[in-house]
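Welcome, and please open the structure in your viewer. We will walk through it one selection at a time, and at each stop you will hear what to look for.

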Amino acid sequence: MKTIKLYIAILLASILTGITAALFMHSLNWATHQQQSFNWLLWLLPLGGAAVALAYHSYAPELVNGTPYVVAQIRSGHKTVPYRLVPLVIFGTLITHLFGGSAGREGTAMQIGGGTAGLTASITRLPLPLQKLLLLSGLSAGFGALFGTPLAAAIFAIESAALPEQRKYAILPCLTGAFAGHYTFMLVGSTHALYPLIELPALHWQLIWKLSLTVFCFAVAALSFRFMIRGMKKIWQLTVKKAWLASFLGGLIVIALVYIVQSRQYLGLGLPIITAAFDEIVSPEVFALKLLFTAVTVGSGFIGGDVTPLFASGAALGSSLAAYTGLAPTFTSALGLPALFGAVNKAPLAAAILGAELFGWHMIWYLLPICLLSSLLINYPKRLR
């Protein structure tokens, strides 16, 4: 009976998450369009960031960590996730993108799923162990709805949030949540970006050396991003200490960067960068600057997450490597997009499957080793200590 109750709760939470994610996506598209149409909105980024930080401080200071807070409840928490997280994270993300911050949307999607699952857990009064499975399914539903990759969503939630002893019990709930969220999102009229079907190069020994170079570059880029974002957070902790002031100053830095590089293409999600990476070989500075803009934005406390900007940076890095390897930029971009995301988030299996869902399952035999090795290079030294 408890199992039936759990899956009813998962379906209810996932359907609500899919609907909310669709509404959020339409709102995000509107905010992005406004930002691109009215350049002066960028000047409001510092004030917007400060306002969001103050809103969190006033109404839900414990929720300021967002997705890590949801993960903490899944792993060891003794209370559910409050639903007020959902309007707060949507508000914060829309402000970030309306005023030009370089951030993502996956953190918002997963928090929508977690907050909705928390509300459903309170209504259905599930016992704590089942509540944790419901929260995991909520993370899967949010990710699956917004990215259209339900298998990767389920695996990402398990890889990044579940404890080892929870994983075998979480597989079916996460798959149920991911697919229910994804199909609800589609049924209410929302769509996902379409990517090209990738033509694979012939396998030979020279290709192995070229792919080894790409793996090394993806790992270095991931390590650099981690260093930048942690460094930015550390700077604010040691200096200003106030979250609203850190966001205000971070917004000023983003404005300064725009005028230094004389380009606005590094603002927002970075979807035009992804498109360009698959159309032609792009300059190496594109991926580096997108990482820098994102590290400053997210490291200063702006809401939204980093996955989509990592997609853009990874695709751009892969595209630029095509100039040195002689491989097709569509192929190397398709490797870089998931690999950088997987290495930064310690989720190589989810990254490989995400790439396969986006670019075709024939890519999986290249994606698996590339994503696994990129993640291993960046994370293995820590395991030795």
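## Stop 1: helix 1 and helix 5

The crossing of helix 1 with helix 5 is right-handed. Before you go further, keep in mind that you are looking at a predicted model.

Select residues 2–37 for helix 1 and residues 106–124 for helix 5; their axes come within 9 Å and cross at roughly 140°. Helix 1 is therefore oblique to helix 5.

Now show the side chains where the two helices meet. On the helix 1 side, pick Lys5, Ala9, Leu12, Ala13, Leu16, Thr17, Thr20 and Phe24. Their partners in helix 5 are Thr108, Ile112, Gly113, Thr116, Ala117, Thr120 and Thr124. What mix of nonpolar, polar and charged residues makes up the contact of helix 1 with helix 5? There are seven nonpolar residues, seven polar ones and one charged.

## Stop 2: Ile112, a residue of helix 5

Stay with this contact and center the view on Ile112, which sits in helix 5. Is Ile112 buried or exposed? Its relative accessibility is 0%, so Ile112 counts as buried.

Next, draw a distance between the C-alpha atoms of Ile112 and Leu16: the viewer should give 9.4 Å, although these positions lie 96 residues apart along the chain. Setting aside neighbours within four places in sequence, Ile112 is in contact with Thr17, Thr20 and Phe24, and also with Val86, Val89 and Ile90.

## Stop 3: Gln34, further along helix 1

Go back to helix 1 and select Gln34, which also has its place there. Gln34 has a relative accessibility of 17%, under the 20% cut-off, and so counts as buried. Show Leu41 and Leu98 as well: Gln34 touches both, when residues up to four places away in sequence are not counted.

## Stop 4: the largest nonpolar core

For a wider view, turn to the largest nonpolar core, which has 130 residues. Which of them touch the most other members? They are Leu134, Leu335 and Leu337. To see where the largest share of this core comes from, color helix 9 (residues 205–238), which supplies 11 residues.

Then zoom in on Leu134. Leaving out neighbours within four places in sequence, Leu134 is in contact with Leu6, Ala9, Ile10, Ala13, Ala117, Thr120, Ala121 and Leu126. You have met some of these names already: Ala9 and Ala13 of helix 1 meet helix 5, where Ala117 and Thr120 are among the partners.

## Stop 5: Ser137 in helix 6

Select residues 128–147 to bring up helix 6, and find Ser137 in it. With 1% relative accessibility, Ser137 counts as buried. Beyond its neighbours within four places in sequence, Ser137 is in contact with Ile10, Pro173, Cys174 and Gly177. Ile10 is also one of the contacts of Leu134.

## Stop 6: helix 7 and helix 8

Cys174 leads to the next pair, as it is one of the helix 8 residues that meet helix 7. Select residues 150–161 for helix 7 and residues 164–187 for helix 8: their axes come within 8 Å and cross at roughly 145°. This crossing, too, is right-handed.

On the helix 7 side, display Pro150, Leu151, Ala153, Ala154, Ala157, Ile158, Glu159 and Ala161. On the helix 8 side, display Gln166, Arg167, Ala170, Ile171, Cys174, Leu175, Ala178, Phe179 and His182. The residues of this contact divide into 13 nonpolar, two polar and two charged.

## Stop 7: Gly251 in helix 10

Move on to helix 10 (residues 243–261) and pick Gly251. At 0% relative accessibility, Gly251 counts as buried. Which residues does Gly251 touch, not counting those up to four places away in sequence? They are Leu45, Pro46 and Phe302. Ala50 is worth selecting too: its C-alpha atom is separated from that of Gly251 by 8.9 Å, while the two residues are 201 residues apart along the chain.

## Stop 8: two loop residues

Our last stop has a backbone theme. Most residues other than glycine have a negative phi. Lys241 is not a glycine, yet has a positive phi of about 70°. You will find Lys241 in the loop between helix 9 and helix 10, and at 65% relative accessibility Lys241 counts as exposed.

Gln262 is not a glycine either, and has a positive phi of about 60°. Look for Gln262 in the loop between helix 10 and helix 11; at 63% relative accessibility, Gln262 counts as exposed.

Technical notes. Residues are numbered from 1 along each chain as its sequence is written. This is a predicted model: local features need pLDDT of at least 70, side-chain atom pairs count only at pLDDT 80 or more; totals for chains, interfaces and linings use all residues. Side-chain values use heavy atoms; hydrogens and water are left out. Axes are lines fitted to C-alpha atoms, for helices over the stretch in contact, and angles run from 0 to 180 degrees between N-to-C directions. Helices (H or I, at least four residues) and strands (E, at least two) are DSSP runs, numbered from the N terminus. Angles under 35 degrees count as roughly parallel, over 145 as roughly antiparallel, 65 to 115 as roughly perpendicular and the rest as oblique. A crossing is left-handed if the near helix is turned anticlockwise from the far one by less than a right angle, and right-handed if clockwise. Contact means heavy atoms within 4.5 Å. Ala, Val, Leu, Ile, Met, Phe, Trp, Tyr, Cys and Pro count as nonpolar, Asp, Glu, Lys and Arg as charged, and the others, Gly among them, as polar. A nonpolar core is a set of buried Ala, Val, Leu, Ile, Met, Phe, Trp, Tyr and Cys residues joined through side-chain atoms within 4.5 Å. Buried means under 20% relative accessible area, exposed over 50%, partly exposed in between (1.4 Å probe, protein chains only).
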